[in-house]
Amino acid sequence: WMRTMENAIQFGAPVLIQDVLEEVDPALEPVLSKSFTKQGNRLVLKLGDKEIDYNEDFKLYLTTKLGNPHYPPEVSTKTTIVNFAIKREGLEDQLLGLIVKKERPDLEEQNSMLVVQVAKGKNQLAELEDKILYLLSTATGSLLDDDELVTVLQSSKTISIDVTEQLRVAEETKITIDFARETYRPSAF
C-alpha cells in the first residue's frame with residue numbers, strides 16, 4: 001500500500017483508506033503533518049526512506065466504522081473529522097433552526113440565549129455542589145464550627161433556589177419557543 005501512496009502523492013490522486021481504527025499507522029505521519037520541504041520550486045515529502053515530489057492536488061481520506069472514534073490529539077489536530085452518522089431528526093432540527101433563524105430571528109436568538117442560560121445555571125449548580133463537597137471533605141472538627149462552610153452552605157442555598165427558579169422559567173419559555181418553532185417543521189421536513 002505504500003507504493004500506492006507514493007504514486008498518489010506524486011501524481012495528485014486521492015487515496016481512500018477504509019476501516020481505520022483508533023490508531024493510525026505511523027508511516028502516515030509525514031503525510032498527516034504535511035511535513036514537506038521546498039527544494040527549488042518543488043515540494044518534497046519524505047515518506048519512509050524515500051523523498052518524493054508532493055503534488056498539491058493529493059488528498060487523503062480515512063474512514064472508520066467506529067461509532068464514536070477517539071483519536072489521539074496528534075491525529076485530531078492534523079485532520080478534519082466529519083461525522084456522517086447523523087440521524088434524520090438531528091438533520092431536521094438543524095434545518096428547522098436555519099428556517100426559524102431566517103423567518104423569525106427573534107425566536108432563534110431567544111432559543112440560543114436560553115440554551116446558554118440553562119447551561120450556565122447547571123454549571124453553577126455543579127460548581128456549588130463541588131465546593132460544598134470539598135469543604136465537607138476537608139472540614140475538621142464540628143461542621144457547625146467551620147464558619148466558611150456554614151457561610152458557603154447558606155449562600156449556596158439561596159443561589160440554588162435562584163438558579164432552580166431561573167431553570168424552571170427557562171424550561172417554560174423553551175416550551176413556548178418550541179411550540180412556535182414547530183409551526184415551521186413542515187418546511188424542515
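Tutor: The radius of gyration is taken here over C-alpha atoms, and the globule rule it is set against is 2.2 Å times the number of residues to the power 0.38. Please keep in mind that this is a predicted model.

Student: What makes the radius of gyration of the protein differ from that of a compact globule?

Tutor: For 189 residues a compact globule would have a radius of gyration near 16 Å, whereas the protein has 27 Å. The C-alpha atoms, taken along the principal axes, fill a box of roughly 70 × 55 × 35 Å. As for the elements, there are seven helices and five strands, which run from the N terminus as α-β-α-β-β-β-β-α-α-α-α-α.

Student: Why are Arg-42 and Asp-53 called a salt bridge?

Tutor: The definition asks for a side-chain nitrogen of Lys or Arg within 4 Å of a carboxyl oxygen of Asp or Glu. In this pair the closest N and O atoms are 2.4 Å apart, so the pair meets that cut-off of 4 Å. Arg-42 belongs to strand 3 (residues 42-47) and Asp-53 to strand 4 (residues 50-53), so the bridge ties together parts that are eleven residues apart in sequence.

Student: How do you know whether Arg-42 and Asp-53 are buried, exposed or partly exposed?

Tutor: Buried means under 20% relative accessible area and exposed means over 50%, with partly exposed in between. Arg-42 has 38% and Asp-53 has 32%, and therefore each of them counts as partly exposed.

Student: Which salt bridges does Arg-168 form, and what makes them qualify?

Tutor: Arg-168 meets Glu-165 at 2.5 Å, N to O, and it meets Glu-172 at 2.4 Å, N to O; set against the limit of 4 Å, both pairs therefore qualify. Arg-168 and Glu-165 lie three residues apart in helix 6 (residues 147-182), about one turn of the helix, while Glu-172 and Arg-168, being four residues apart in helix 6, are likewise separated by about one helical turn.

Student: Why are the residues of these two bridges called partly exposed?

Tutor: The relative accessibility is 40% for Arg-168, 38% for Glu-165 and 43% for Glu-172. Since partly exposed lies in between the limits of 20% and 50%, that name fits.

Student: How many salt bridges are there in the structure, and which residues are linked in a network?

Tutor: The structure holds five salt bridges, and Arg-3, Glu-6 and Lys-50 are linked in a network of them.

Methods
Residues numbered from 1 in each chain as written. Predicted model: local features only at pLDDT ≥ 70, side-chain atom pairs only at ≥ 80, totals over all residues. Heavy atoms only, no water. Helix = DSSP H or I, 4+ residues; strand = E, 2+ residues; numbered from the N terminus. Buried < 20%, exposed > 50% of the residue type's maximum accessible area, 1.4 Å probe, protein only.
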